[in-house]
Amino acid sequence: MALSKESEQFLSNLRVYLMTSGKKEEEILRVIEKVEHQLLEAEQEGKSIQSIIGNSPEVYMKAIGKEMKTDMKGTVFVCLSIIAGAFSIAIFPDIVRGELAFSSFRLVGMISVFLLFIAIFVLIVKNLSKQNAPDVKAIAYIFITICLLSVLFVSVFWLDDHIKTPIWTIEAPFVYIIGIVITAILIGLSWWTKTWIMLMVVVIVTIPELLQNIFLFSDEINLYMTLALFISFQIGIVFIMRQSNKKTS
């Protein structure tokens with residue numbers, strides 16, 4: 001007998017909540033397996049999910065989280081990996097041009113946007129998980145967050161053209177060495193997270209740069225193309241997730 005969609009939804013949200021709370025993956029898998037077994041037994045006996053988790057999923061998740069140790073080293077590693085991955089994606093178009101040049105404002109702006117995005121993303125995902133929110137609501141919130149990130153990025157690049165700050169430049173062959181290192185980092189992160197979304201994002205931010213070099217587009221058109229590709233990519237992800245949910249329901 002398979003679990004009901006409600007139970008599967010709860011297990012998925014519980015897993016996300018524990019992950020965003022900095023718990024070890026091995027412990028999370030053991031807890032999920034244990035709760036899954038309890039839910040399956042309850043459903044076989046004709047009981048509801050509330051007979052196991054009570055009337056408040058949030059209270060149940062917090063109680064489980066308190067019994068588990070927080071993996072601080074793992075949490076720091078994940079945060080640093082996200083920052084490294086995001087920063088790698090941001091500078092990859094410059095590497096394609098063969099010259100890595102960025103102003104102090106752009107560097108500080110990108111790092112600030114990354115940190116803000118990580119904080120907001122973790123906060124939203126954790127709260128949605130505690131509420132045992134349905135996938136449609138979670139997708140909507142995440143989609144809005146990513147759209148805001150895209151707008152902030154465009155704002156940083158636009159302001160960078162109007163605010164004069166010192167510029168740091170790295171040229172060949174060192175820029176290509178950095179490119180090789182960044183590619184290795186992105187492939188490693190993609191393998192570790194078991195998703196190729198990061199590499200897809202690299203392709204999205206690189207395509208406008210290549211087209212600009214070929215057809216001599218203005219920087220403004222380049223930004224519009226990048227934003228359009230990001231939004232199309234996000235819509236595609238939402239569509240795929242909704243189709244996947246329909247198949248499992």
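Modeller: Let's start with a term: a salt bridge is a side-chain nitrogen of Lys or Arg within 4 Å of a carboxyl oxygen of Asp or Glu. What we're looking at is a predicted model, where local features need pLDDT of at least 70 and side-chain atom pairs count only at pLDDT 80 or more, while totals for chains, interfaces and linings use all residues. Residues are numbered from 1 along each chain as its sequence is written, and side-chain values use heavy atoms, with hydrogens and water left out.

Biologist: OK, what makes K62 and E58 a salt bridge?

Modeller: Their side chains come to 3.2 Å, N to O. The limit is 4 Å, so the pair qualifies.

Biologist: And how do you know that K62 and E58 are separated by about one helical turn?

Modeller: They sit 4 residues apart in helix α4 (residues 57-67), which means about one helical turn between them. By the way, helices (H or I, at least four residues) and strands (E, at least two) are DSSP runs, numbered from the N terminus.

Biologist: Why are K62 and E58 called partly exposed?

Modeller: Buried means under 20% relative accessible area, exposed means over 50%, and partly exposed is in between (1.4 Å probe, protein chains only). K62 has 36%, so it's partly exposed. E58 has 29%, so it gets that label too.

Biologist: How many salt bridges does a search of the whole structure find?

Modeller: It finds 2. One of them joins K47 to E45, with the closest N and O atoms 3.3 Å apart.

Biologist: Why does E45 count as exposed, and K47 as partly exposed?

Modeller: E45 has a relative accessible area of 55%, so it's past the 50% mark and exposed. K47 has 46%, so it stays in the in-between class.

Biologist: Let's try R106. What makes it buried?

Modeller: R106 comes out at 9%, so it's under the 20% cut-off and buried. It lies in helix α6 (residues 104-130). Not counting residues up to four places away in sequence, R106 touches A90, D94, A101, V156, F157 and D160. Contact here means heavy atoms within 4.5 Å.

Biologist: G109 is in helix α6 too. Is G109 buried or exposed, and how do you know?

Modeller: With a relative accessible area of 14%, G109 is buried. Its C-alpha atom is 9.6 Å from that of L159, which is 50 residues away along the chain.

Biologist: Now for the helix pairs. Why are α1 and α2 called roughly antiparallel?

Modeller: Helix α1 (residues 5-20) and helix α2 (residues 25-44) pack at an angle of about 160°, with axes 10 Å apart. The axes are lines fitted to C-alpha atoms, for helices over the stretch in contact, and the angles run from 0 to 180 degrees between N-to-C directions. Angles under 35 degrees count as roughly parallel, over 145 as roughly antiparallel, 65 to 115 as roughly perpendicular, and the rest as oblique. So α1 and α2 are roughly antiparallel.

Biologist: Which residues meet in that α1 and α2 contact?

Modeller: From α1, the residues include F10, L11 and L14, and from α2 they include I28, V31 and I32. The residues of this contact divide into 10 nonpolar, 1 polar and 3 charged. For those classes, Ala, Val, Leu, Ile, Met, Phe, Trp, Tyr, Cys and Pro count as nonpolar, Asp, Glu, Lys and Arg as charged, and the others, Gly among them, as polar.

Biologist: And what makes α1 and α6 oblique?

Modeller: Their axes cross at roughly 140° and come within 8 Å. That angle falls in none of the named ranges, so α1 and α6 are oblique to each other. In this contact, N13, V16, Y17 and T20 in α1 meet V122, V125, K126, S129 and K130 in α6. By class, there are 4 nonpolar, 3 polar and 2 charged residues.

Biologist: Back in α2, why is L40 partly exposed, and E25 exposed?

Modeller: L40 has 24%, so it sits between the two cut-offs. E25 has 55%, so it counts as exposed. The C-alpha atoms of L40 and S7, 33 residues apart along the chain, are separated by 8.5 Å. E25 and D71 are 46 residues apart in sequence and 9.2 Å apart in space, C-alpha to C-alpha.

Biologist: Last one: how many helices and strands does the protein chain have?

Modeller: It has 10 helices and 2 strands. Buried residues make up 33% of its 249 residues.
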